[in-house]
Amino acid sequence: MAAALKNVLLKKSELKESIVLGIPRGGVITADIVASKLASSLSNAAVVIDFDILMPRKLPIPNNSEVAIGAIMEDSSTYLDHTLVDQIQISQGYIEKQKSKQLEEIKR
């Protein structure tokens, strides 16, 4: 994966900085390895490779934590599947309560 990304980055001559983002539950370790390999292989190309972690949280439907109506990020940006929300008639109050709960979990 790092080798394929290296080729893409080298083709973008104006690119001097990149970031590899990892998502918890397996993606952090992978992203860290990719960022390290990219950084070492691009050290002569004057491209800086950083690594960071994203902390999204699922917004579950009522009574089934495995099914999501959307997700929220640590900056409170939210994605909702409005079709699903409308289909199962989820109230705005429930959504706001879940957003608050998941933001608290991200902070924890």
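**Pocket lining, strand pairing and salt bridges**

Gln102 is located in helix H4. In this predicted model, the residue has a relative accessibility of 6% and is therefore classed as buried, the cut-off being under 20%. Leaving aside residues up to four places away in sequence, Gln102 is in contact with Arg57, Lys58, Leu59, Pro60 and Ile72.

Gln102 also takes part in the principal opening of the model. The largest pocket has a volume of about 460 Å³. Its lining comprises 17 residues, of which Arg25, Pro56, Arg57, Lys58 and Gln102 are the closest to the pocket centre. Two or more lining residues are contributed by each of strand E3 (57-61), strand E4 (64-72) and helix H4 (92-107). Classified by residue type, the lining of the largest pocket consists of six nonpolar, five polar and six charged residues.

The two strands that contribute to this lining are also paired with each other. E3 and E4 run in the antiparallel sense and are joined over five bridges. Within E4, Asn64 is the residue that stands opposite Ile61. The hairpin of E3 and E4 has two residues between the strands, and Asn63 adopts a positive phi near 65° in this hairpin.

E4 additionally pairs with strand E5 (residues 78-80), again in the antiparallel sense, over three bridges. Here Leu80 of E5 stands opposite Gly70. Five residues lie between the strands in the hairpin of E4 and E5, where Ser76 has a positive phi near 80°.

Two salt bridges are present in the structure. One of them links Glu96 and Lys99, with the closest N and O atoms 3.5 Å apart. Because Glu96 and Lys99 are three residues apart in helix H4, about one helical turn separates them. Glu96 has a relative accessible area of 36% and is therefore assigned as partly exposed, since this value falls between the limits of 20% and 50%.

The other salt bridge brings together the side chains of Glu105 and Arg108, at an N to O distance of 2.4 Å. The two partners fall into separate exposure classes: Glu105 is partly exposed, with a relative accessible area of 28%, whereas Arg108, at 74%, is exposed. The assignment of Arg108 follows because its value is over 50%. In contrast to these salt-bridge residues, Gln102 of helix H4 is buried, at 6% relative accessibility.

Notes. Residues are numbered from 1 along each chain as its sequence is written. This is a predicted model: local features need pLDDT of at least 70, side-chain atom pairs count only at pLDDT 80 or more; totals for chains, interfaces and linings use all residues. Side-chain values use heavy atoms; hydrogens and water are left out. On a 1 Å grid over the protein atoms alone, a cavity is a set of points where a 1.4 Å probe fits but cannot get out, and a pocket is an open set with protein on both sides within 12 Å along at least five of seven lines; lining residues have an atom within 4 Å of a point. Grid points are joined across faces, edges and corners, and a volume is the space filled by probe spheres set on the points. Helices (H or I, at least four residues) and strands (E, at least two) are DSSP runs, numbered from the N terminus. Ala, Val, Leu, Ile, Met, Phe, Trp, Tyr, Cys and Pro count as nonpolar, Asp, Glu, Lys and Arg as charged, and the others, Gly among them, as polar. Two strands pair if DSSP finds at least two bridges between them. Buried means under 20% relative accessible area, exposed over 50%, partly exposed in between (1.4 Å probe, protein chains only). Contact means heavy atoms within 4.5 Å. A salt bridge is a side-chain nitrogen of Lys or Arg within 4 Å of a carboxyl oxygen of Asp or Glu.
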